[in-house]
Amino acid sequence: MVIKDYQNFKFQQPYQQAMYYCSLILKDQTRPWVERLDVLPHLNVEDLTNFAPMMLSQAFLECYIAGNIEREEAESMVQHVEDVFFKGPNPICRPLFPSQFLTNRVVKLERGMNYCYSKEGLNPSDENSALVHYIQVHQDDFILNVKLQLFALVAKQPAFHQLRSVEQLGYITVLMQRNDSGICGVQFIIQSTVKGPAHIDSRVEAFLKMFENKLYEMTNDEFKSNVNALIDTKLEKHKNLREESRFYWREITDGTLKFDRREAEVAALKKLTQQELIEFFNENVKVGATQKKTLSVRVHGNQHLAEYHSQKSEAVQPNSIQINDIFSFRRSQPLYGSFRGGIGHVKL
C-alpha cells in the first residue's frame, strides 16, 4: 500500500511536481520520494519491531493545547505526559541532547541571481508542462511581511487576467505567497499544454514589467482600499478551533512564536505608505532589480520535450545559474538561520 502511494507520485499533476522540486531545492532537510521507494521493498516485520524501541529511546516533546480548558489543567496534562516519558524508575526514553534538536533551514538564494531547474515530467503520457516562478524576499519581519502581502493582493487579479484570460497560457494560473519556515516570498504557478515552461517564464517577467505601470499609477484611494481590504482580512476572527489552532501551531513549528502576528501586522499596515510599497517592489520584485532572487522550476510535458533538450545546449545567461543536481546545489549554498535555534529555552 505504501509502495503504491509512492509509485503514484509520478502521476501527480506537473504543477505539483514543480512545487515538489521547488521545496526539495529550498528546504535543507527534505528527502526525495525515490529514496523512500528504494528502501521500502527491503523492509520486513523485524525491522519495524526493532524500530519502535529505537524511536522511543530519545524524544523531544512539543505540546499545544486549545479549547475549553484552564491553564493549570493544560500544564498538568503536559506534565503527566512528560512524567510518563522521562521520569520514574523505568522511563520510556531519555530527552534529546541540545545538539540533536531538529531545525528547519532554508537555502538563502544570492541577491541579483536567477536560478533555474528543468526536469522532464514523470508521466510520459502527460501533455501538460508547468512552471513555478519563485521570488525569495525576506526572513519573517512584520513590516516586510505586509509589503509582500499587499503586493500579492494587488497583483493577484491582474496576473490571472493577463496570463490566464488574455494570453491563455494555462487553466491553472496562480499568484500566491510562499512561506518556508519563516522565509517569505511570492510565486507564480502555471500549468499549460499550449506553451513550454521557458516561454511561460518569459511571459511572467513580461507581466511584471507591465505591472510596474499599474503600481506607479495607482491612486491614493486605490492604495487605501487595498490596505483596508488586507486589514479586514487579518481582523477576521478564526472560524473554528481547528483554524485557530493551525495558526498558533504554525508559529510553534516554524519557531517564530509571534502569537500577536495579526495585530502587529495590522499596525504596520496602517503606517505603510504607497511610496514604501513601490520601493519594496523596485528592490525585490521588479525585473532586473539588483536585490531580486528568483528560482524557476520547469517541468516539461511530452509536448515540450524539444524545448527541454534544447535548453541543455544553450549558453547560461549572465547572473544565472542552471541547477543540474539538486543535492549538490543545496550542499553548496548558505542557509538562513533557523527560528528554532533556541527552542529548548522557550517558555510558553
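Here are four exercises with worked solutions on this predicted model.

**Exercise 1: The sheet**

Work out the strand order of the open sheet, find its edge strands, and place helix 6 relative to the sheet.

*Solution.* Start with the order: 6 strands form an open sheet, arranged 5-6-4-7-3-8, with mixed pairing. Next, look for strands that pair on one side only; these are strand 5 (172–180) and strand 8 (320–323), the edge strands. From one strand to the next, the twist averages 20°. Now add the helix: helix 6 packs on the sheet and touches strand 4, strand 5 and strand 6. The direction of helix 6 makes about 165° with that of strand 5. Finally, zoom in on one pair: strand 3 and strand 7 run parallel and are joined by 7 bridges. Within this pair, Tyr-115 has Leu-295 of strand 7 as its bridge partner.

**Exercise 2: The nonpolar cores**

Describe the largest nonpolar core and state which element gives the largest share of it.

*Solution.* First, the size: the largest nonpolar core has 38 residues. Leu-150, Phe-151, Phe-188, Leu-208 and Phe-211 have the most contacts inside it. Then list contributors: among the elements giving two or more residues to this core are strand 4 (129–139), helix 6 (142–166), strand 6 (183–192) and helix 7. The largest share, 8 residues, comes from helix 6. To see one residue up close, take Phe-211: leaving aside neighbours within four places in sequence, Phe-211 is in contact with Phe-151, Val-154, Ala-155, Pro-158 and Phe-281.

**Exercise 3: Two sides of helix 12**

Sort residues of helix 12 into buried and exposed, and explain why the buried ones line one face.

*Solution.* Begin with the buried set: in helix 12 (residues 305–313), these are Glu-307, Tyr-308 and Gln-311. Viewed down the helix axis, the buried residues fall within an arc of 105°, so they line one face of helix 12. On the other side, Ala-306, Lys-312 and Ser-313 are exposed. As a last step, ask what does the covering: strand 3 (114–120), helix 7 (197–217) and strand 7 (293–300) are included in what covers the buried residues of helix 12.

**Exercise 4: A glutamate in helix 7**

Decide whether Glu-212 is buried or exposed, and name residues it touches.

*Solution.* Locate the residue first: Glu-212 lies in helix 7. Its relative accessible area is 12%. Buried means under 20%, so Glu-212 counts as buried. Not counting residues up to four places away in sequence, Glu-212 touches Phe-281 and Lys-286.

Terms used:
Residues numbered from 1 in each chain as written. Predicted model: local features only at pLDDT ≥ 70, side-chain atom pairs only at ≥ 80, totals over all residues. Heavy atoms only, no water. Buried < 20%, exposed > 50% of the residue type's maximum accessible area, 1.4 Å probe, protein only. Helix = DSSP H or I, 4+ residues; strand = E, 2+ residues; numbered from the N terminus. Arc of directions from axis to C-beta. Contact = heavy atoms within 4.5 Å. Core = buried A, V, L, I, M, F, W, Y, C linked by side-chain atoms within 4.5 Å. Pairing = 2+ DSSP bridges. Axes fitted to C-alpha atoms, helices over the stretch in contact; angles between N-to-C directions.
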